[in-house]
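The following exercises are to be worked through with the sequence and the structure at hand. Each task is followed by a solution in steps.

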Amino acid sequence: MAAAGPSVFLLMVNGQVESAQFPEFDNLYCKYCFVYGQDWAPTAGLEEGISQITSKSRDACQALVWNFPIDITFKSTNPFGWPQIVLSVYGPDVFGNDVVRGYGAVHVPFSPGRHKRTIPMFVPESTSKLQKFTSWFMGRRPEYTDPKVVAQGEGREARPT
């Protein structure tokens, strides 16, 4: 009798990046990618994608609507490292360069069903006024070389002041 291999479970993610609120910006696009633990493996669908450029709606809320579909299936033997989706939003600055307008991450919901998530977004800041001015003048604002760092815990330790 053959020994049974480790049992696996599947996680299917179907949804969309619906919209965003960036009141001070327009003509933005969104990129997504997934971050997951070493026991996880994608079996179907896309791990990353990029949306179309969208303009603010003409109504009072001025939402940026993408309705960008996401469809991926993972398999795993262990819930540790549950997948997270990382969003990066980009748009033009005053010089016409594409710059990051926000990063955010959220875990894929743990329970089945229909879920709606609001993801707080942030942008990295220069550490000094000189760097801030230089980055603005050169059109190269601070951004991550790998946006997946947003979903990781390394480097987030509190430092004594």
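**Exercise 1.** Determine whether C61 is buried, partly exposed or exposed in this predicted model.

*Solution.* The relative accessibility of C61 is 41%. Buried means under 20% and exposed means over 50%, with partly exposed in between. C61 therefore counts as partly exposed.

**Exercise 2.** Establish how many disulfides the structure contains, and examine C33 and C61 in this respect.

*Solution.* A disulfide requires two cysteine sulfur atoms within 2.5 Å. For C33, the closest cysteine sulfur belongs to C30 and is 10 Å away, so the distance is too great for a bond. C61 is in no disulfide either, since the nearest cysteine sulfur, that of C30, lies 17 Å away. A search of the whole structure gives zero disulfides. As for its surroundings, C33 is buried, because its relative accessible area is 8%.

**Exercise 3.** Describe the location and the contacts of Q62.

*Solution.* Q62 is found in the loop between β4 (48-50) and β5 (64-76). With a relative accessibility of 35%, Q62 is partly exposed. Leaving aside residues up to four places away in sequence, Q62 touches Q21, P23, K56 and S57. Of these partners, Q21 is 41 residues apart from Q62 along the chain, yet their C-alpha atoms are separated by 7.3 Å.

**Exercise 4.** State which secondary structure elements the chain contains and in what order.

*Solution.* The chain has one helix and seven strands. Along the sequence, these follow the pattern β-β-β-β-β-β-β-α.

Definitions and conventions
Residues are numbered from 1 along each chain as its sequence is written. This is a predicted model: local features need pLDDT of at least 70, side-chain atom pairs count only at pLDDT 80 or more; totals for chains, interfaces and linings use all residues. Side-chain values use heavy atoms; hydrogens and water are left out. Helices (H or I, at least four residues) and strands (E, at least two) are DSSP runs, numbered from the N terminus. Buried means under 20% relative accessible area, exposed over 50%, partly exposed in between (1.4 Å probe, protein chains only). Contact means heavy atoms within 4.5 Å.
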